[in-house]
Amino acid sequence: MSLNLGFGAGKRHLLTLSFDDGFRHSFSRIAEIHEHHGLKACLNVLAADDGSFGGSTDDIQQKFPKGDFSLWRALAERGHEIMPHGWNHTNKAHVPLAVAQDLILRCLGSFTREIPGFQPLRSVFNFPYGGSTPVLEEWLNTIVRGYRPGGEGFNPLPHRMLRRVICCATGPTGIEIHMESLVERLLLQDSGWLVYNLHGLDGEGWGPISAEWLDQFLRRMTTIPSLLIEPTASLLTSADTLG
């Protein structure tokens, strides 16, 4: 069966590579690699401007330089998708509801001020650690277009009512093999949408992949006629326009 999803005839398998945490070097390189293959990167970044990560000064992730909104604006102007990953990297499932809500609202406020054209109701909030709660997700239904908790990674094709877009991840090793196996599973289905959560490149961040592997992977994936590689919010927005 060939579906026309508003993205081009014959595209029935959707793949989103959802990169988290906002590492300066990695995210710049991820954007370049995507551009080389005519693609838009899906980049999810933290809003805090104080250098914090998970709120702990001994978090190992703090040793990797993070980007700032000047970089995120530049990448957005080049067509890449810059979406909120939190004020810092606090696991929202491990704090009281009011604290989680405050951290999300602070994050969305910064994005609204710092990124021209950003609108919370057209955005996707990407939970750190994939950690969410049913109550928090119910509240987010009125705040953002969608949200990304953790899970198996397979979703229905985008539609107007879809809010909860689950992602999968593995690590800190074996990521490439795991992702390849899930993409194979996706392509064996008649149709579907796989969202895979990644982080940095070449030793940067938790569970990094290599830039060379990413380049080769995208080169192979872009030759598959039925497969479309696209960021999360872009797919949801396209679904909203189908009528």
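This is a short tour of a predicted model, moving from the whole chain to a few selected residues.

**The whole chain**

Begin with the full chain in cartoon view, where seven helices and eight strands can be picked out. If the view is aligned to the principal axes, the C-alpha atoms fill a box of roughly 50 × 40 × 30 Å. A compact globule with 243 residues would have a radius of gyration near 18 Å, and the chain, at 17 Å, agrees with that expectation.

Switching to a surface view, one is looking at about 10,500 Å² of accessible surface, of which carbon and sulfur atoms contribute 53%. Of the 243 residues, 55% are buried. If contacts are drawn between residues at least 6 apart in sequence, 69% of them turn out to join residues at least 24 apart. Colouring by charge brings up 21 positive and 26 negative charges, whose mean positions are 5 Å apart.

**Asp21**

Select Asp21 next, in the loop that runs between β1 (13-20) and α1 (24-36). Its phi is near 95 degrees, which is a positive value in a residue other than glycine. Is this residue buried or exposed? Asp21 counts as buried because its relative accessible area is 3%, and the cut-off for that class is under 20%.

**Phe64**

Now move to Phe64, which sits in the loop between β2 (42-46) and α2 (69-77). With a relative accessible area of 14%, Phe64 is buried as well. Which residues does Phe64 touch, once those up to four places away in sequence are set aside? Displaying its surroundings shows Phe23, Gly203, Glu204 and Gly205. For a distance to draw in the viewer, take the C-alpha atoms of Phe64 and Ser26, which are 9.7 Å apart in space although the two residues are 38 apart in sequence.

**Asp202**

From there, select Asp202, which belongs to the loop between β7 (192-198) and α6 (211-221). Here too phi is positive in a residue other than glycine, with a value near 50 degrees. Asp202 is classed as exposed because its relative accessibility is 53%, where the class begins over 50%.

**Gly171 and Pro172**

End the tour at Pro172, in the loop between β6 (154-155) and α5 (175-188). Show the backbone atoms here and inspect the peptide bond between Gly171 and Pro172, which is cis, with omega at about 5 degrees.

Note on methods
Residues numbered from 1 in each chain as written. Predicted model: local features only at pLDDT ≥ 70, side-chain atom pairs only at ≥ 80, totals over all residues. Heavy atoms only, no water. Helix = DSSP H or I, 4+ residues; strand = E, 2+ residues; numbered from the N terminus. Buried < 20%, exposed > 50% of the residue type's maximum accessible area, 1.4 Å probe, protein only. Contact = heavy atoms within 4.5 Å. Rg over C-alpha atoms; globule rule 2.2 N^0.38 Å. Areas by Shrake-Rupley, 256 points an atom, 1.4 Å probe, with all protein chains shown as cover. Lys, Arg positive; Asp, Glu negative; His and termini not counted. Charge placed at Lys NZ, Arg CZ, Asp CG, Glu CD.
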